[in-house]
Amino acid sequence: MRIGIIGAGSMAAALGGGWARVGHELLIGARSARSARDLADTINAGTEPARHRVGAATIAEAMDFAEVVLLAVPVAALTELLDEHGERLADRVVIDCTNAFQPDESAPDGATAFVLSEPAVAERIASRASRARVVKAFNLLAAEVWAGEDRVFDGVRLAVPFCGDDETAMRIVADLAEDLALQPFPAGGLHRARYLEATAVFTVGLWFAGLDARAALPPLTAAFAVAD
Ligand SMILES: NC(=O)c1ccc[n+]([C@@H]2O[C@H](COP(=O)([O-])OP(=O)(O)OC[C@H]3O[C@@H](n4cnc5c(N)ncnc54)[C@H](OP(=O)(O)O)[C@@H]3O)[C@@H](O)[C@H]2O)c1
């Protein structure tokens, strides 16, 4: 697929690198031409021989080129980005991997903790770019995890829960997760994306506190997830 990556930071490198390796056509669009070129060069260097060379472009060019757009920028950048380019996202599958983390000022001294600066970023993107087919995905884990190769833990392949309203867009995101050797977990409509956003801030808080979030969740067979 033609994927436009908006942003040239950690998430752009992690997800873009993986998709380039399996043969997707990528254009990195960043506000700094230098950053876009540097990331494209880095990905190209790591994917020899490549079916497609990753290119560097402006944000507008990357959106115009793409069937799928990954928004890999800070939440604080979204208002301006969508005001300027929202119309360009029409008919695109737009993957929102953002997290609206901000420091939890009420955390005890020395503790690293976060709260959300807003409760529903993906819904805001969809309402601003009303013709985009927005899917929330890949926000739960650190870029280093998405960039890793061996994501099978205790015999279970790492899953990617994702939320969206457009059936075709959901299927495309599922395929893109599988391309990264991850297990897609369709998790409902875009109105549920806020739960993914809340899960991220809650889980990351546990990890920063040194607690293994995984230990709080039993396997499916022990979860009593049956209708009475
Ligand atoms: N890193 C993670 O582990 C992780 C995990 C899950 C979700 N996320 C989310 O993914 C998103 C990207 O995170 P990241 O870690 O990749 O960030 P990052 O490494 O800091 O990169 C952010 C990118 O966004 C660009 N950017 C910043 N402000 C911008 C603006 N106003 N307009 C256009 N571009 C702008 C930056 O450009 P400059 O270089 O020019 O500043 C940079 O290319 C964030 O929303 C984050 O919450 C991150």
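**Two pockets and a helix pair**

The lining of the largest pocket sorts into 26 nonpolar, 3 polar and 5 charged residues. That is a good place to start our walk through this structure, which is a predicted model. The space inside this largest pocket comes to about 1,300 Å³. If you would like to find its middle on screen, look for Leu-140, Ala-159, Phe-185, Arg-214 and Leu-217, the closest to the centre among the 34 residues that line the pocket.

Which elements build this lining? Those that give two or more residues are the helices α6 (143–147) and α8 (193–208), together with the strands β10 (156–157), β11 (159–164) and β12 (183–186). Of these, α8 provides the largest share, with 7 residues.

Let us move on to the second largest pocket, whose volume is about 430 Å³. Here 20 residues form the lining, and Ser-10, Met-11, Cys-97, Leu-141 and Ala-143 are the ones nearest the centre of the pocket. Two helices from the largest pocket turn up again: α6 and α8 each contribute at least two residues to the second lining, as does α1 (10–21). How many residues come from α1, the element that gives the most? The helix α1 supplies 3 residues of this lining. Sorted by class, the second lining holds 14 nonpolar, 5 polar and 1 charged residues.

Our last stop is a pair of helices. Two packed helices are described by the angle between their axes and the distance between the axes. For helix α4 (residues 78–85) and helix α5 (residues 121–128), the axes come within 10 Å and cross at roughly 20°. Angles under 35 degrees count as roughly parallel, and α4 and α5 are therefore roughly parallel to each other. The crossing of α4 past α5 is right-handed.

Which residues make the contact? On the α4 side they are Leu-78, Thr-79, Leu-82 and Asp-83, and these meet Val-121, Arg-124, Ile-125 and Arg-128 of α5. Taken together, the residues of this contact between α4 and α5 comprise 4 nonpolar, 1 polar and 3 charged.

Key
Residues are numbered from 1 along each chain as its sequence is written. This is a predicted model: local features need pLDDT of at least 70, side-chain atom pairs count only at pLDDT 80 or more; totals for chains, interfaces and linings use all residues. Side-chain values use heavy atoms; hydrogens and water are left out. Axes are lines fitted to C-alpha atoms, for helices over the stretch in contact, and angles run from 0 to 180 degrees between N-to-C directions. Helices (H or I, at least four residues) and strands (E, at least two) are DSSP runs, numbered from the N terminus. Angles under 35 degrees count as roughly parallel, over 145 as roughly antiparallel, 65 to 115 as roughly perpendicular and the rest as oblique. A crossing is left-handed if the near helix is turned anticlockwise from the far one by less than a right angle, and right-handed if clockwise. Contact means heavy atoms within 4.5 Å. Ala, Val, Leu, Ile, Met, Phe, Trp, Tyr, Cys and Pro count as nonpolar, Asp, Glu, Lys and Arg as charged, and the others, Gly among them, as polar. On a 1 Å grid over the protein atoms alone, a cavity is a set of points where a 1.4 Å probe fits but cannot get out, and a pocket is an open set with protein on both sides within 12 Å along at least five of seven lines; lining residues have an atom within 4 Å of a point. Grid points are joined across faces, edges and corners, and a volume is the space filled by probe spheres set on the points.
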